[in-house]
Amino acid sequence: MSVRLRKPLFLSCLLLGLVLLCSSLTYHLSVNSGIDALRAQGNRQLELHTRGVESEIERFVWLPGLLQLHPATLQLLLWPDAARRQQVNRHLAAMNARSGTLAIYVMDGSGRVLASSNWQRSDSYVGEDLSFRPYFHDAMAGHQGRFYGIGSTVGEPGYYLSSPLLVGGRITGVAVVKVKLSQLEAGWQKAGSNAFIVDENGVIILSSKPRWRLHAVQAVPQAVRNRLAQSLQYHWAPLPVLELKSRQQLAPGLERWELPDSDTTAATRQFLAQSRVLNDTRWQLTLLSPLAAVKAAAWTHAMLAAAVVAVLTLLLIAWNERRKVIATRLAAREALQEANSELEKRIAERTADLTASNDRLLAEIRERELAEQTLRKAQNELIQAGKLAVIGQMSTSIAHELNQPLAALRTLSGNTVKFLGRGAYDIAAANLKTIGELVERMGKITGSLRSFARRSEHASGQARPDVAIDAALFLLQPRLSRQPVTVLRELAPVLLAIDQTRLEQILVNLIGNALDALQGVAGACITLSGHLDGDSYVLTVADNGGGLPPEVLQHLFEPFFTTKPPGSGLGLGLTLSASLADAAGGSLQAQSQAQGAAFVLRLPLCPSQEASHV
C-alpha cells in the first residue's frame, strides 16, 4: 500500500474510532443522567403512593380498640347468650356501615366468632373458627395484629386489624376489622402508575396490573408454603413466580427489570424498579418506571454527539490541510481559489436545496392544517346527520308500532257505539275498559321505543309468554277475522327476564309478518311453540307460507328492508324486534323451512325461574 493511501486510511479509522468513542460515552452519560432524573421523579411518586397506602391503613387502626369501650361486647365475652349476641351484632353492623369497612367481628378466647357485622348474610362469620389466623394469635399475645389475606368464607381479600379485648385485666377475646384496599389499585391505574405491594412472604397482594396479583417476586420456599397453607392466607392460590426476562440490582431499593413480551410492548420492556418499605408493616411498595424514553433520549444525544464530533473533526482536518497547502506553495493559490469557488458553489446549491425543502415543508404544513379543518367540519356534519337519522328512525318506528293498536281501537270504538245504541251498556263498558288498556299499552310502546332509540343496554322486567301471545293475538284480531288462519299454541308456563310490553311488541311483529306471508295460502296455519333450553326459553313462530329465499335472509334484519309492496311496510319491525331481544340478553333468528318460515326467539329465564329448574 502506498504512502498516499495509508494516511487517508489512518485518518478515516481515527475519525471513526473518535466518533464511536464519543457517541458511546454520550450514550452512557445520558442513560445515567436519565435514570437519575427518572429515579428522582419515581421517588416523588413512590412517596405519594406510600403515604396514600399508609394513610388508608391508619384510618382504621384505632377502630378495633373502640370495642374495648363497648360494655355489651365485653359482657358477651363473659356471658355469650342470644340477646347479647344480637345486640352486639347490630352494633357491629352500624359501626361497619359508618366506617366503610368490609366487616367487623368479635372472637372469643378460642378463636370462634361470637358476633359479626355480616350476621344477617349467608356468608356470615358467626360461629366460624378462625383461630388459625395469625392476627388472632398476635392479639391474644397482647399485640395489635395486622394481616393481609383472602377470606376463608367467600374468598374476598382484605386487610385485617385486630386488637385484644380485656375484661378484668385479662385478655378474653379479640376484636377484628377487615378493611378493603382494592381502591388503591384503582387509584394507581387511574394515575397511570405501574405499582404493586409485596408482603412479608414475597407475594404481590396489590397491583395496578391485576394479572400480577398473588404472584411471588421470587420462589417461595416449601416451608413458607406449608405455613401459608395452614393459615389459608392466600386461600390455596398456587403463588407462581412472576416471570421476568432479567433483573439487575443497581442500588439498594433500585433495580432494572425487563419484562417478557406478553406483559408489555417491545418498546417498554425495561423498567426502573424502585421499592420502599411501608411504615408499621413488613410490606414493600414497588414502582416501575419505563426506561424507553430514557434510552430514546440517550440514543438521540449519542447521534448528535457523533455528528458534532464528526463535523468538528472534518472541519479541523480541512483547516489543517488548507493551512499546509497555503504554507507549502504560493503557486497553488489559483488552484486553491478555484477549489474555494467550487466549494462556495456547492454550499450555495445546498443552501438553495435546503430553502426549497423548507418551503415544501411549510406548504405541507398548511395543507395538513387545511385537511384537519375539513375533516373536523365533515365529522361535525356526520354527527348531526347521525342525530337526524336516529330521530327519523324513532318517528317511523312509532308509526309502525302504533298502527295495529290504532286498528284495534277503531274496531272497538265502532262496536261500542253500536252496543250503546242497543242498550248493551255492560258490553260497551267492557269495550271502553279495553280501549283504556290499549291506550295505556300505546303509551308503554312509545316509552319502550324511546328507550330503544337511546340504545339502552339494560332492559329489566318479567314477562309471561302466554299472556304476551294473548295480547298480540288480540291486537291482530281484525286481521285474523278477515283472513282464515289456524293458530296452534304449544307453550310451557315460564317467566322470562324481559319487559312484558317489549315481548308483546316482538310477538306482534312476528305474527303480523306471518300473516303477511300467508295471504292467499290455502290451509294457512301459524304455530306458536316454546320449550326450555338450559337457562333460556326458545319461542318459535312458524308459518306454512312461501318461505324465505337466501337473498332475503341476508338482509332480513337490516333497517328499512322489506319484501312487502310499497306503502305496506316500513321494514323496521324485525330490526326493532331483534334489538329488543338483544337488549334483554337474548336473540332473534330467522330460518327457512321445507314449507314456510320460522322465527326463533331465545330469551333468558328470570333468576327465580332458573332456580326452580335446577
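This is a short walk through one structure, covering its salt bridges, its strands, its cores, one covered helix and one surface patch. Please keep in mind that the model is a predicted one.

I will start with the charged pairs. Searching the whole structure turns up 12 salt bridges. I will go through three of them.

The first is between R51 and E47, with N and O 2.7 Å apart. Both residues belong to helix α1, which covers residues 3–58, and they sit four residues apart, about one turn of the helix. As a general point, an α-helix has 3.6 residues a turn, so residues three or four places apart point the same way. R51 has a relative accessibility of 54% and therefore counts as exposed, the cut-off being over 50%. E47 is partly exposed, at 26%. This pair also has company: R276 joins E47 and R51 in a network of salt bridges.

The second pair is R213 with E185, where the closest N and O atoms are 3.0 Å apart. Here the partners come from distant parts of the chain, 28 residues apart: E185 is in helix α6, residues 182–191, while R213 is in the loop between β7 (204–207) and α7 (222–231). How much of each is covered? E185 is buried, with a relative accessible area of 6%, whereas R213 is partly exposed at 29%.

The third pair is E255 with R247, and their closest N and O atoms are 2.9 Å apart. E255 has a relative accessible area of 15% and counts as buried because that is under 20%. R247, at 41%, is partly exposed.

Now the strands. E255 falls within strand β9, which covers residues 254–258 and is joined by five bridges to the antiparallel strand β10, residues 270–277. If you want a place to look, find L254, which stands opposite Q274 in β10. On to the next pairing: β10 also runs antiparallel to β11, residues 284–290, and seven bridges connect those two. In that pairing, L272 faces S289 of β11. β10 and β11 make a hairpin, with six residues between the strands. In its turn, D280 has a positive phi of about 60°.

Next, the interior. In soluble globular proteins, nonpolar side chains tend to be buried together. In this model the largest nonpolar core has 50 residues, and which of them touch the most other members? They are L503 and I526. Helix α13, residues 500–517, supplies the largest share of this core, eight residues. L503 has contacts well beyond its own stretch of sequence: leaving aside neighbours within four places, its partners include A463, P465, L496, I498, L601 and L603. There is also a second, separate core, made of 40 residues, with L67, V88, L92 and L278 among them.

One more covered residue deserves a look, and that is V203. You will find V203 in the loop between β6 (194–198) and β7. V203 counts as buried because its relative accessibility is 0%, and buried means under 20%. What surrounds V203? Not counting residues up to four places away in sequence, V203 touches I197, V198, L214, H215, A216, Y234 and L239. V217 is 14 residues from V203 along the chain, and the two C-alpha atoms are separated by 6.4 Å.

Now a helix that is mostly covered. That is α15, residues 573–583, where 10 of the 11 residues are buried. The buried ones include G573, L574, T575 and L576, and, further along, L580, A581 and A583. After α15 comes G585, with a positive phi near 85°.

I will finish on the outside. Which residues make the nonpolar surface patch of about 380 Å²? They are V308, V311, L312 and L315. L315 lies in helix α8, which covers residues 292–328. At 54% relative accessibility, L315 counts as exposed, because the threshold is over 50%.

To recap, there are three things to look for on the screen. One is the network of E47, R51 and R276. Another is the hairpin of β10 and β11, with D280 in its turn. The last is the core of 50 residues, with L503 and I526 touching the most other members.

Definitions and conventions
Residues numbered from 1 in each chain as written. Predicted model: local features only at pLDDT ≥ 70, side-chain atom pairs only at ≥ 80, totals over all residues. Heavy atoms only, no water. Salt bridge = Lys/Arg side-chain N within 4 Å of Asp/Glu carboxyl O. Buried < 20%, exposed > 50% of the residue type's maximum accessible area, 1.4 Å probe, protein only. Patch = residues over 30% accessible without salt bridge, like charges linked within 9 Å, V, L, I, M, F, W, Y side chains within 5 Å. Areas by Shrake-Rupley, 256 points an atom, 1.4 Å probe, with all protein chains shown as cover. Core = buried A, V, L, I, M, F, W, Y, C linked by side-chain atoms within 4.5 Å. Contact = heavy atoms within 4.5 Å. Pairing = 2+ DSSP bridges.
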